[in-house]
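User: Please take a close look at one part of this structure and guide me through it slowly. I am new to it and would like one connected account.

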Amino acid sequence: MSAPELTIAEVGHIVAKLKMYPYFDVANYVLMCQMVRDDSPPPTQGTEAPAFSRRHPFSSWVASMLMCFSSVILANAFVGDSPAAPFLNQRDLVTATVVWYLVNYSPFDLVHKFAKFLPIHVFLYCLKEVQRVHKVHHGVSHTIKHHPNAYALIVAVGVLKGAGYYYMRTLDRLIRGNWIPSKNEFLHPSLATKVSLLASVVFILDHQGLIHLDHELLNLAIVVFFIFFRLVYLVLGVHNPFGLLENVVCAIFFGGLVDALKRATTSSDKTHGSKSKEE
């Protein structure tokens, strides 16, 4: 007998009801610990010096835990809840610590190399994107219940839930002695911040009844949207698919067009001035 075919509605229902622990959470922990490891300052004593995690294991662990639980820490702090809440969950803390240890200290770096293998790396990020949608939706829904008309706050919490690790990176780098003031998420928003912002707005519109689509199908569409842009980022190297739209918006609404006209006028005046001098 052939297996029954699933409809899109049934797939949406399955995705909406997925439990994040353990698979999706572990994928997140692996990626966060790898991000900390890859971003750690290189040894200054020479190429034979041990890696940062071997020279400073405590700093590496603290930085990794902050990244693993960054979305909850920052979102809680933003709405007045306890930022220490994720560290009260012993199951998640122990799981993240085990992942950190394996990523940094497994024999012959097998775990790190295996997770960096492109097909595995892409698969981990697909799991991460499913979790990201879940976090954004949870953050938006939770904030709407307590602050139903504070739309700026709702969007901010959704962004922090979806891309909090990029905002935590400043503190993370400070702990590891690798703080770079000119590199932060406010100056250079990442793809994760942009898609989380869009998803937060969509979830708010859905909550207001302005989107006439079943919630589970909408959730599935956002998951597909997130995974698609992540694949474009990882496989094709397109880091900002919204670049053209951003340039047009900046040119129209943030003075870009006026600045271009000023430059054109100034260059034209200089050209006429030089011609008159020659005559």
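Analyst: A good part to choose is the pair α8 and α9, where α8 passes α9 in a right-handed crossing (the near helix is turned clockwise from the far one by less than a right angle; anticlockwise would be left-handed). This is a predicted model, in which local features need pLDDT of at least 70 and side-chain atom pairs count only at pLDDT 80 or more, while totals for chains, interfaces and linings use all residues. Residues are numbered from 1 along each chain as its sequence is written, and side-chain values use heavy atoms, without hydrogens or water.

α8 covers residues 118-146 and α9 covers residues 151-175 (helices are DSSP runs of H or I with at least four residues, numbered from the N terminus). The axes of these two helices come within 8 Å and cross at roughly 155° (lines fitted to C-alpha atoms over the stretch in contact, with angles from 0 to 180 degrees between N-to-C directions). α8 and α9 are therefore roughly antiparallel to each other (an angle over 145 degrees).

The pair also contributes to the walls of several spaces. The largest pocket has a volume of about 530 Å³ (an open set of points on a 1 Å grid, with protein on both sides within 12 Å along at least five of seven lines; lining residues have an atom within 4 Å of a point, and volume is the space filled by probe spheres on the points, joined across faces, edges and corners). Of the 27 residues lining this largest pocket, Ser-71, Val-72, Lys-135, His-138 and Lys-161 are the closest to its centre. Both α8 and α9 are among the helices that supply at least two residues each to that lining, together with α2, α5 and α6, the last of these spanning residues 90-105. The largest share of the lining, seven residues, comes from α8.

Some of these names return in the largest cavity, which holds about 60 Å³ of space (a set of points where a 1.4 Å probe fits but cannot get out). Ser-71, Lys-128, Lys-135, Lys-161 and Tyr-165 lie nearest the centre of this cavity, within a lining of 13 residues. At least two lining residues come from each of α2 (23-39), α4 (57-68), α5 (70-79), α8 and α9, and here it is α9 that gives the most, with four residues.

α9 has a further part in the second largest pocket, where about 440 Å³ of space lies. The lining of the second largest pocket numbers 19 residues, with Tyr-166, Arg-169, Glu-185, His-188 and Ser-190 nearest the centre. The elements that give it two or more residues are α9, α10 and α11, and α9 again gives the most, with four.

The structure holds two cavities of 30 Å³ or more, and the second largest of these has a volume of about 40 Å³. Glu-129, Leu-191, Ala-192, Val-195, Phe-226, Phe-229 and Arg-230 line that second largest cavity. Two or more of its lining residues come from each of α10 (191-207) and α11 (215-236).

Lastly, on confidence, the chain averages a pLDDT of 89, and 91% of its residues score at least 70 (pLDDT is the predictor's confidence in each residue, from 0 to 100). Confidence is highest in α6, at 97, whereas helix α13, residues 256-278, is lowest, at a mean of 66.

Notes: Parallel < 35°, antiparallel > 145°, perpendicular 65-115°, else oblique.
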